[in-house]
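Notebook open, salt bridges on the list for today. I want to see who pairs with whom and how exposed the partners are.

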Amino acid sequence: NVQIRPEQTVAHRTSPTNIGLGLLSTLAAYDLGYIDVDELQHKVDRTLTTVESLKRHEGHLLNWYDTRTLAPLAPAYVSTVDSGNFAGALLTLSVGLREVAPALAARTAALLDAIDFRFLFDSKRQLFSIGYTLPDADNPGRLDASYYDLLASEARLASFIAIAKGDVPELHWFHLGRPVTSVRGAPVLLSWSGTLFEYLMPLLVMRTYPNTLLDESCRLVVRRQMDYAAEC
């Protein structure tokens, strides 16, 4: 985790999203010809071995780990969006490894199968909590009181994976809010804060479909941010 300001430093911590993208970067390096199959297998095997040794909760990695000791950083916390990113990376990796490293593909799929999203889900609201703080000496463990309630958010990958795994009902997808604004005269779904991370992060591993409101929203918010940069 590299911090640029106030001066460049390496922070010795990593998250489920970072680990997942690291694995996908290794797979991409192989697909693009930068590393051979032996190096792919070596790197993925070492990462999976480390992941398998980490403290988890209901199959979920915790939000931050010390990269020197592998200990979870306090407070021990499960982030719904991070778990969704990690689960999406595992699914993509397992498919990419099937032909070249089936044993690694099976280990990757086992990590994915172990992730249970149900305890993060509020069945009355039909929405995911932002996350869960694990029990410690000061509290018995609790879900956050805030929820992921917008389709145009980085958390829709967690929703998609959880539905696909059968952890939550399909009805959840239709409880994700779809408030709309206008960009260049066209309708655009609103996210919480308008960041490209919210709109585009899931598209790293999810399909998108032309002429849909979600696809057009992602394209138009890129244009809107370009327009804003030009105005500045």
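Which side chain meets Asp-215 in a salt bridge? I looked it up, keeping in mind that this is a predicted model. The partner is Arg-219, with N to O at 2.8 Å. Both sit in helix 7 (residues 213-231), four residues apart, so about one helical turn separates them. I checked accessibility next. Asp-215 comes out buried at 4%, while Arg-219 is partly exposed at 49%.

Next entry: a network. I found Asp-45, Glu-52 and Arg-107 joined into one by salt bridges that share partners. I then pulled up the Arg-107 and Glu-52 pair, where the side chains meet at 3.0 Å, N to O. Arg-107 belongs to helix 4 (residues 102-114) and Glu-52 to helix 2 (residues 37-53), so this salt bridge ties together parts 55 residues apart in sequence. On accessibility, I have Arg-107 as partly exposed at 23%. The cut-off for buried is under 20%, so I kept that label off Arg-107. Glu-52 is also partly exposed, at 33%.

Third entry: Asp-66 and Arg-68. I get 3.4 Å between the closest N and O atoms of this salt bridge. Is Asp-66 buried or exposed? Buried, with a relative accessible area of 12%. Arg-68, on the other hand, counts as exposed at 59%.

Last, the tally. How many salt bridges does the structure hold? I noted 10.

Note on methods
Residues are numbered from 1 along each chain as its sequence is written. This is a predicted model: local features need pLDDT of at least 70, side-chain atom pairs count only at pLDDT 80 or more; totals for chains, interfaces and linings use all residues. Side-chain values use heavy atoms; hydrogens and water are left out. A salt bridge is a side-chain nitrogen of Lys or Arg within 4 Å of a carboxyl oxygen of Asp or Glu. Helices (H or I, at least four residues) and strands (E, at least two) are DSSP runs, numbered from the N terminus. Buried means under 20% relative accessible area, exposed over 50%, partly exposed in between (1.4 Å probe, protein chains only).
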